Amino acid sequence: IDTWIVMPNHVHIIMEIFPSCETDTVETQRCCVSRLVAKCIPLCRRKPGSLSSIVQQIKCACTKRIWKAGYTDFQWQPRFHDSILRTNQAVENVRSYIAMNPAMWERDKNNLV
């Protein structure tokens, strides 16, 4: 994970996905994540290491912690928005957007506070 921020009703994350080089390492990581999210949607429904699988694992792990903290009515929207950042300038632009997002929250149409 390169850059991230948690907002009141959404998150922004820049992540880089590297191709697997060593099967043992990938299998070890997959087993650890599988134990962590064992009661969520099975990992076999998505290609391991794919963006969808990674987002699913993040959502499952976060949901468990959020529900354990007492926010049992919490739920994610079913989809996510993604884009491929192909240049260093694109990465910098999104990093800047993420950094400025809290300051823009006051003007957000979904800010109902």
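The exercises below, each with a worked solution, concern a predicted model of one protein.

**Exercise 1.** Work out how many helices and strands the protein has, and in which pattern they follow one another along the sequence.

*Solution.* Begin with the count, which gives 3 helices and 2 strands in the protein. Then read along the sequence, where these elements follow the pattern β-β-α-α-α.

**Exercise 2.** Describe how strands β1 and β2 are joined, and which residue of β2 stands opposite tryptophan 4.

*Solution.* Strand β1 covers residues 3-6, and 4 bridges join β1 to β2, the two strands running antiparallel. Together β1 and β2 form a hairpin, with 4 residues between them. Within this pairing, tryptophan 4 stands opposite isoleucine 13 in β2.

**Exercise 3.** Sort the residues of strand β2 by the face to which they belong, covered or uncovered.

*Solution.* In a regular strand the side chains alternate between the two faces of the sheet, so neighbouring side chains should be assigned in turn. In strand β2, residues 11-14, the covered face holds His12 and Ile14, whereas Val11 and Ile13 belong to the uncovered face.

**Exercise 4.** Check whether the span of helix α2 agrees or disagrees with the value expected from its number of residues, and then list the buried residues of α2.

*Solution.* Helix α2 takes in residues 51-68, which makes 18 residues. The expected span is 1.5 Å times one less than the number of residues, and for α2 this comes to 26 Å. The end C-alpha atoms of α2 are 26 Å apart, so the expected span and the model agree. The buried residues in α2 are Ser53, Val55, Gln56, Gln57, Lys59, Cys60, Ala61 and Thr63. Just after α2, glycine 70 takes a positive phi of about 105 degrees.

**Exercise 5.** Find how many aromatic pairs the structure holds, and classify the pair of phenylalanine 74 and tryptophan 76.

*Solution.* The structure holds 1 aromatic pair. It is formed by phenylalanine 74 and tryptophan 76, with 5.2 Å centre to centre and 85 degrees between the planes. Planes over 60 degrees apart count as edge-to-face, and the pair of phenylalanine 74 and tryptophan 76 is therefore edge-to-face. As for exposure, phenylalanine 74 has a relative accessible area of 26% and is partly exposed, while tryptophan 76, at 28% relative accessibility, also counts as partly exposed.

**Exercise 6.** State what share of the residues counts as buried, and what area the protein exposes.

*Solution.* Of the 113 residues of the protein, 18% count as buried. The exposed area is about 9400 Å², and carbon and sulfur atoms supply 56% of it.

How values were computed. Residues are numbered from 1 along each chain as its sequence is written. This is a predicted model: local features need pLDDT of at least 70, side-chain atom pairs count only at pLDDT 80 or more; totals for chains, interfaces and linings use all residues. Side-chain values use heavy atoms; hydrogens and water are left out. Buried means under 20% relative accessible area, exposed over 50%, partly exposed in between (1.4 Å probe, protein chains only). Two strands pair if DSSP finds at least two bridges between them. Accessible areas come from the Shrake-Rupley method with a 1.4 Å probe; for residues, only the protein chains shown count as cover. Rings of Phe, Tyr and Trp (its six-membered ring) pair if their centres lie within 6.5 Å; planes under 30 degrees apart count as stacked, over 60 as edge-to-face and the rest as tilted.
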